[in-house]
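Could you take me through this structure in the viewer, one selection at a time? I am new to it and would like to know what to click on and what is there.

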Amino acid sequence: MYALSLLLLGDSQTVYWNIGCGTDLKPTCILYPKTVEEVSHIVKLLNQNNETFAVKSGGHSPNKRFASIDGGPLIALQEMTQLNYDNATQTIAVGPGNRWQHVVQATGKYGRSVVSGRLGHVGVPGLLLGGGLSFLSAERGWASTHVVEYQLVLPNGTITTASRTHNPDLHRALQSGGGQFGIVTRFTLNTFEQGPVWGGVRFYNGDKTPQLLAAVRDFTEYYPDPRAGLILTAETTLYGYADLWVMFYFWNGASPPAHVFENFTKLPPMIDTVKTQSYTDLVYANNAFVLNGSYYSIATETLPLPDAKNGVEVMTAVHNHWKNTSAQVSDKIFGSVASVAYQPMPKLISQQTKKYGGNVMDMGEDGHRIILEYDYSYINGFAENERIGDKANRELYSGVRSIIQKFMNDGKLPNISTPLFMNDAYHAQDFWGRFKERDFMKSVKAKIDPGDFFGKRTHGWKL
Ligand SMILES: Cc1cc2nc3c(=O)[nH]c(=O)nc-3n(C[C@H](O)[C@H](O)[C@H](O)COP(=O)(O)OP(=O)(O)OC[C@H]3O[C@@H](n4cnc5c(N)ncnc54)[C@H](O)[C@@H]3O)c2cc1C
């Protein structure tokens, strides 16, 4: 009855950002559904057995067993590549097999864009189910705020939809629900008029650390223009001898006024790719930083923004903790790369999110924050290397949390909530424990998944 594709291990295994998800774990089979009915059929079959399974879209989650599985079926959604732009509603219906590069290319043909991922190769579903941070977030809020409708398969196999008017609680829960509520088979997204943008990357030498840390703090506090976005990353490798910064610039227009990025642009870059280009080209160009073929381990922490008086002390302590912890990895794993990303999370993102209808993962307007993302990568997947990378990651996030707590106790950091950002979190981090709307999420879960099908049968953060 169902022309379901079923392969015994196929190409889906080779397409993981963390190649360890594919090389170290072996599913018993990989299912490639093409329609929502096929996904529903699979879920109904899974209800008749006890197998642990995984759902995979873009494969960018580096956490093993989230979108990968050892000894159970893998549901790979890569064949569901629907992309239908509706001119009347100016929305686009996106199948879960798409990556952001496909979506911005499709909308770009109409002179429009979506609040998308910043690097094109990242999968649409995982990013949206974790809220989604975009270069356009200061203008339009969290990416998932712009999901008009989800089509999904519920734990019992029922096909349904959720929007702000139909199943509104489920719609809200899906804005940052991960894979805990169902398998999403279509996202209908708002689109916006889109002209040329200014952006690209600039590399800076490691000796610019004090100026760059000060600049990212100031930028987050004064946020000079909602059309601006940035990611500031530091990278260290080769036993700490290669030490540099890579800054991703974005401004939604042909050329930003000089004051917007002034604190950064006054520093001389070593390499500069920043230019005026189409939004689609920028999102594609950033793929140069999706370095495939490595093993990865990531983690996150949320830093309340220090004021100007305490900025140098706090930012330096946080950065040095990363450098010192990363030295262990550099010393022990040849060719490993450690990186940290400073991602501004000004109140403005919260305000814009509200303007567009709100989001369950809203971090709040009580203060500015910086989302820290840490990652370690290495090309040799020895178990010992994985152990070293994971140990360092745990020390990184728990250590920085202690540093933040101490500065809060000393009155040097505002005592505001520090929820974790799902899309950058390590599997052992207490994502739900720090989620403001956890009780709401649990209440929705109790209604649609009383037996906790997805909690018990898949990995991922369990509510
Ligand atoms: C290079 C890189 C750049 C990134 N840039 C950004 C960025 O700009 N902004 C941002 O917010 N995040 C970013 N991320 C983080 C990224 O959003 C997450 O890793 C996200 O999970 C990736 O989505 P995916 O579809 O590729 O995920 P997958 O690895 O396929 O899945 C991730 C999780 O979602 C579940 N899942 C997947 N599809 C479905 C579905 N259809 N229904 C239900 N559950 C599902 C999986 O089971 C798994 O638990 C980036 C990550 C990388 C590696």
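Start with the ligand and select Leu127: a polar backbone atom of Leu127 is 3.4 Å from an oxygen atom of the ligand. This is a polar contact, here a pair of N or O atoms within 3.5 Å. Before you go on, note that this is a predicted model, in which local features need pLDDT of at least 70 and side-chain atom pairs count only at pLDDT 80 or more, while totals for chains, interfaces and linings use all residues. Residues are numbered from 1 along each chain as its sequence is written, and side-chain values use heavy atoms, with hydrogens and water left out.

Now add Gly59, where a polar backbone atom is 2.8 Å from an oxygen atom of the ligand. Then pick Val184: a polar backbone atom there is 2.9 Å from a nitrogen atom of the ligand. The ligand taken alone exposes 960 Å², and the protein buries 92% of that (Shrake-Rupley method, 1.4 Å probe).

Next, show the 28 residues around the ligand, of which Val55, Ser57, Ser61, Arg118 and Leu133 come nearest; a residue belongs here if one of its heavy atoms lies within 4 Å. Which element gives the most to this shell? Colour α4 to see the answer, as α4 supplies four residues. Helices are DSSP runs (H or I) of at least four residues, and strands are runs (E) of at least two, numbered from the N terminus.

Keep Arg118 and Leu133 selected, since your next stop, the largest cavity, is lined by residues including these two. Add Tyr223 and Pro344, also among the lining residues. The volume of the largest cavity is about 90 Å³. A cavity is a set of points, on a 1 Å grid over the protein atoms alone, where a 1.4 Å probe fits but cannot get out, and lining residues have an atom within 4 Å of a point. Colour domain 2 (83-194 + 436-453) and domain 3 (197-428): both give residues to the lining, so the largest cavity lies between them. The domain bounds come from an automatic or database domain assignment.

For a last stop, select Ser176, Phe431 and Lys436, which are among the residues lining the second largest cavity. The volume there is about 60 Å³. Volumes are the space filled by probe spheres set on the grid points, which are joined across faces, edges and corners.

Conventions:
A polar contact is a pair of N or O atoms within 3.5 Å; within protein, one must be able to donate a hydrogen and the other to accept it, and residues adjacent in sequence count only if both atoms are side-chain atoms. On a 1 Å grid over the protein atoms alone, a cavity is a set of points where a 1.4 Å probe fits but cannot get out, and a pocket is an open set with protein on both sides within 12 Å along at least five of seven lines; lining residues have an atom within 4 Å of a point.
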